[in-house]
Amino acid sequence: MTTLAGKAGTVGTADGTGLAASFTELSGLTTDGTYLYVADQQTVRKISISTGTVTTLAGTAGVYGWADGIGTAALFGRISDITTDGANLYVADSNNTIRKIVIASGAVTTLAGGSTGSTDGVGVSASFGYPSGITTDGASLFITDTFNDTIRAIR
């Protein structure tokens, strides 16, 4: 067992390599085989598996919100989980949204949701009750919708 990035007992938002990097509140993790992508409260962090170098891909630490954009211009509520299909990341966000991040550019868009409820629909017409888990089979996204006690699918 070894530490790849971050230092136990050190809370923060610093990008860096190995112990020089810090995290605030880790909640989800996925990989494409070269990088780890980590949900860290309001940010998505990218970690090189070979070097332990941490960079912020999207979001701004300590700033809650809901805004699509590129890199730090995008805002999240509190990211609860993350998954990847290799080219994109998909984020379950506590502001009742499912977000997509293009890995190559850091561009964030809202795929579904934006209000509290249990309505099925396309895009922002769908609603969630705290999406807390997300995974993909490569064709569909599957979401645990905590407060609605349901498993939802985006196809």
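Here is a walk through this structure, from the overall fold down to a few individual residues.

Keep in mind that what you are looking at is a predicted model. Start with the secondary structure: the chain has 13 strands and zero helices, so reading along the sequence you simply get β-β-β-β-β-β-β-β-β-β-β-β-β. The radius of gyration comes out at 15 Å, close to the 15 Å that the globule rule gives for 155 residues, so the chain is as compact as a globular protein of that length. Along the principal axes, the C-alpha atoms fill a box of roughly 45 × 30 × 30 Å. Of the 155 residues, 45% count as buried. The chain exposes about 7,300 Å², with carbon and sulfur atoms supplying 57% of that area. As for how the chain folds back on itself, take the contacts between residues at least 6 apart in sequence: 35% of these join residues at least 24 apart.

Now for the strands themselves. Five of them make an open sheet in the order β1-β5-β4-β3-β2, with antiparallel pairing. At its edges sit β1 (16-17) and β2 (26-31), each pairing on one side only. The partner of β1 in this sheet is β5 (residues 53-59), and the two run antiparallel, held in register by two bridges. If you want a spot to look at there, find Gly 16, which stands opposite Val 54 in β5.

Towards the other end of the chain, β12 (residues 141-145) and β13 (residues 150-154) are also antiparallel, joined by five bridges. Here Thr 144 faces Ile 151 in β13. Four residues lie between the strands of this hairpin, and Asp 149 takes a positive phi near 55°.

Next, the interior. The largest nonpolar core has 14 residues, and the ones touching the most other members are Val 44, Phe 76, Ile 82, Leu 89, Val 91 and Ile 101. Two or more residues of this core come from each of β3 (35-40), β5, β7 (79-84) and β8. There is also a second, separate core of nine residues, including Ala 92, Ile 98, Phe 128 and Ile 143. Val 91 is worth a click: leaving aside residues up to four places away in sequence, its contacts include Val 44, Phe 76, Ile 82 and Ile 101, along with Asp 81, Arg 99 and Ile 134. Val 91 also touches Ile 98, which is listed in the second core.

Staying with β7, have a look at Thr 83, which is found in that strand. Is it buried or exposed? Thr 83 counts as buried because its relative accessibility is 7%, below the 20% cut-off. Beyond its sequence neighbours up to four places away, Thr 83 touches Thr 30, Asn 88, Leu 89, Tyr 90, Ile 134, Thr 135, Thr 136 and Leu 141.

Finally, step out to the loop between β8 (88-93) and β9 (97-102), where you'll find Ser 94. This one counts as partly exposed because its relative accessibility is 23%. With residues up to four places away set aside, Ser 94 touches Gly 77, Arg 78 and Tyr 130. One of these neighbours also offers a polar partner: the backbone nitrogen of Arg 78 lies 2.9 Å from a polar atom of the Ser 94 side chain. Ser 80 is 14 residues away from Ser 94 along the chain, yet their C-alpha atoms are separated by 6.6 Å.

How values were computed. Residues are numbered from 1 along each chain as its sequence is written. This is a predicted model: local features need pLDDT of at least 70, side-chain atom pairs count only at pLDDT 80 or more; totals for chains, interfaces and linings use all residues. Side-chain values use heavy atoms; hydrogens and water are left out. Buried means under 20% relative accessible area, exposed over 50%, partly exposed in between (1.4 Å probe, protein chains only). Contact means heavy atoms within 4.5 Å. A polar contact is a pair of N or O atoms within 3.5 Å; within protein, one must be able to donate a hydrogen and the other to accept it, and residues adjacent in sequence count only if both atoms are side-chain atoms. Two strands pair if DSSP finds at least two bridges between them. The radius of gyration is taken over C-alpha atoms; the globule rule is 2.2 Å times the number of residues to the power 0.38. Accessible areas come from the Shrake-Rupley method with a 1.4 Å probe; for residues, only the protein chains shown count as cover. A nonpolar core is a set of buried Ala, Val, Leu, Ile, Met, Phe, Trp, Tyr and Cys residues joined through side-chain atoms within 4.5 Å.
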